[in-house]
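Good morning, colleagues. I should like to take you through one model today, beginning with its domains and ending with a few backbone details.

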Amino acid sequence: MYCNQCEQTSKGIACTVTGVCGKKPEVAALQDVLLFALKELSMYADQARQEGILDPEVNHFTVEALFSTLTNVNFDPQRFLDMVTKCVSLRENLKTKLSSSPNPLLAKNPTVAFAATLPELIKQGEEIGFLVDQKGDADLRSLQELLIYGLKGVAAYAHHALILGKENDNIYAFIHSSLAKIGNPELDLNDWLELVMQCGEINLAAMELLDAANTETFGHPVPTEVPLGHKAGKCILVSGHDLKDLKDLLEATQNSGINIYTHGEMLPAHGYPELKKYPHLYGNYGTAWQNQKKEFVDFPGPILMTTNCIQEPQENYRDNIFTAGPVGWPGIKHAPHGDFAEVIAKAKAMPGFSNDEDKGSVMVGFARNSVMGVADQIIAAVKSGDLKHIFLVGGCDGAKPGRNYFTEFVEKTPDNTAVLTLGCGKYRFYDKQLGTIGDIPRLLDIGQCNDAYSAIQIAVALSQAFECGVNDLPLSMVLSWYEQKAVSILLTLLYLGIKDIRLGPSLPAFVSPNVLDVLVKNFDLKPISTVEQDLTTILA
Ligand code: FS2
Ligand code: SF4
């Protein structure tokens, strides 16, 4: 196997024996086959689009399948076999719709017949290998990987929006035309660099679509206090990012006596009016995804993983955990979208909490509408000098000790600064009591990593208020990355011309020295250093 797509990749180079995330070589081979099959499907979808043929099933499948290959989403071999089979059937169906004279690219690339059994398909995956030629030019490879991982992030956002009924064909078109180009020897470094920047642009459209889907369905988040303890009674824990799954479960458990708790990236759900209106959406349990193996065992009800990040379920809670949507783990029960009967039955059969326990609370709901609602106060505080600087400290969390940087960074921010945060990286400091500047809390939780659009809108609105560019604001971005949504967000920030971003805990293994050099020269992108040095430099 060869996988280097996330921040915790082995030795900072690539997972080649087994995945640090728990991905087995067989699953890596199956994901390689699926990516290859998606590239073939994309060549036909791209050609079909040029001939005016749009196939919604192909579009929907493409984003779900790509999302399934994102880190910590799907580890189930059978599901990948099913997806490859479906991919081939969609491809063959598209072939029959195309005009009889295919374009030269298609003529030069005869499609592959994929095996129908798992052992054979795994063997085929090992032979096909990684989609991008590992022996080729390091910079061409690096840019193509950057593009593929960015596309995975775009696909995740598009899939989330699709579930709520929002889609945009430009997004599907870009994914198909880009995947179709992977490996094309006629493209040079500038072509790939341009595609990478276009990926950032299309990701902005995908995030905007998701923002519209979330806010039109669930309302704009409002500041909300979320208990970290529990109350006596039956319970279900919901993790991941899929707000629709949470809403369906809240509907299905009304008046059942079952309390619903959020976990990980689901915490910001408490701020949405159409979700917080359910009194049995009680509180948040546990912390970031990488702590689930020790935290899930003590939860006395079933756990529903709606999206990433799932880790290998341990024996002591294996029977209580369910997956949904694109998530999968071999042998773990999968709840089809919207049908949570088995999860609810499990909650009724399990003991639930026997007592009430108060463990304090945290505030959520400071998405763009809430923050811009107090824009006058923020602007006045900046002008008076009470608010000297704003930091956006957010992104993904992970297990590496180097991630303590982000905790320490927030702890050491001066009292006359504020911290905006989002993503599961917030768990490094989400319960710190940083106080207020006037009536404005110093720590403002914008939402999930899926809410990066909200953060961008806040920055844009502030730049308009101060009549300057975003790069001229007293605003600095200190981002933690882990998986491929973070890659797509970074590409969007670069596309928007945002400079001086600090990225950690380490730089992506798939970025070659020359590509890094381009990013440093053009965007002043830099790795985090020490908290003291970074704070001093930023505030100088
Ligand atoms: Fe966190 Fe994991 Fe949000 Fe990422 S729960 S690292 O894939 O999506 O952020
Ligand atoms: Fe390794 Fe990350 Fe790939 Fe998992 S997703 S195999 S940890 S690089």
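What follows is a short account of the domains, the two ligand sites, one helix pair and some points in the loops.

Please bear in mind that this is a predicted model, in which local features need pLDDT of at least 70 and side-chain atom pairs count only at pLDDT 80 or more, while totals for chains, interfaces and linings use all residues. Residues are numbered from 1 along each chain as its sequence is written, chains are lettered from A and ligands numbered from 1 in the order in which they are written, and side-chain values use heavy atoms, with hydrogens and water left out.

I begin with the domains. The protein chain is assigned domain 1 (10-217), domain 2 (224-349) and domain 3 (368-539); such bounds come from an automatic or database domain assignment. Between the C-alpha centres of domain 1 and domain 2 the distance is 29 Å. In contact across this pair are 19 residues of domain 1 and 19 residues of domain 2, where contact means heavy atoms within 4.5 Å.

Next, ligand 1. Which domains supply its shell? Domain 2 and domain 3 each contribute at least three residues. The surrounding residues are His241, Glu265, Trp289, Asn308, Cys309, Cys396, Cys424, Cys449, Tyr482, Glu483 and Lys485; a residue is near a molecule if one of its heavy atoms lies within 4 Å of it. Six of these residues are nonpolar, two polar and three charged. In this scheme Ala, Val, Leu, Ile, Met, Phe, Trp, Tyr, Cys and Pro count as nonpolar, Asp, Glu, Lys and Arg as charged, and the others, Gly among them, as polar.

Polar side-chain atoms also approach oxygen atoms of ligand 1: that of Asn308 at 2.7 Å, that of Glu265 at 3.1 Å and that of Lys485 at 3.1 Å. Asn308 has a further feature, a cis peptide bond to Cys309 with omega about 15 degrees. Cys309 sits in the loop between strand S5 (303-305) and strand S6 (321-324); helices (H or I, at least four residues) and strands (E, at least two) are DSSP runs, numbered from the N terminus.

Around ligand 2 there are 13 residues, of which Cys3, Cys6, Cys15, Cys21 and Thr71 come nearest. This shell comprises six nonpolar, six polar and one charged residues.

I turn to a helix pair. Residues of helix H8, including Val196, Met197 and Met207, meet residues of helix H17, among them Ile489, Leu491 and Tyr495. The residues of this contact divide into nine nonpolar, four polar and one charged.

Finally, the loops. Gly504 and Pro505 are joined by a cis peptide bond with omega about 0 degrees, and Pro505 lies in the loop between strand S15 (502-504) and helix H18 (513-523). Asn255, a residue other than glycine, has a positive phi near 60 degrees and lies in the loop between helix H9 (243-252) and strand S3 (259-262).

Notes:
Polar contact = N/O pair within 3.5 Å; in protein donor to acceptor, adjacent residues only side chain to side chain.
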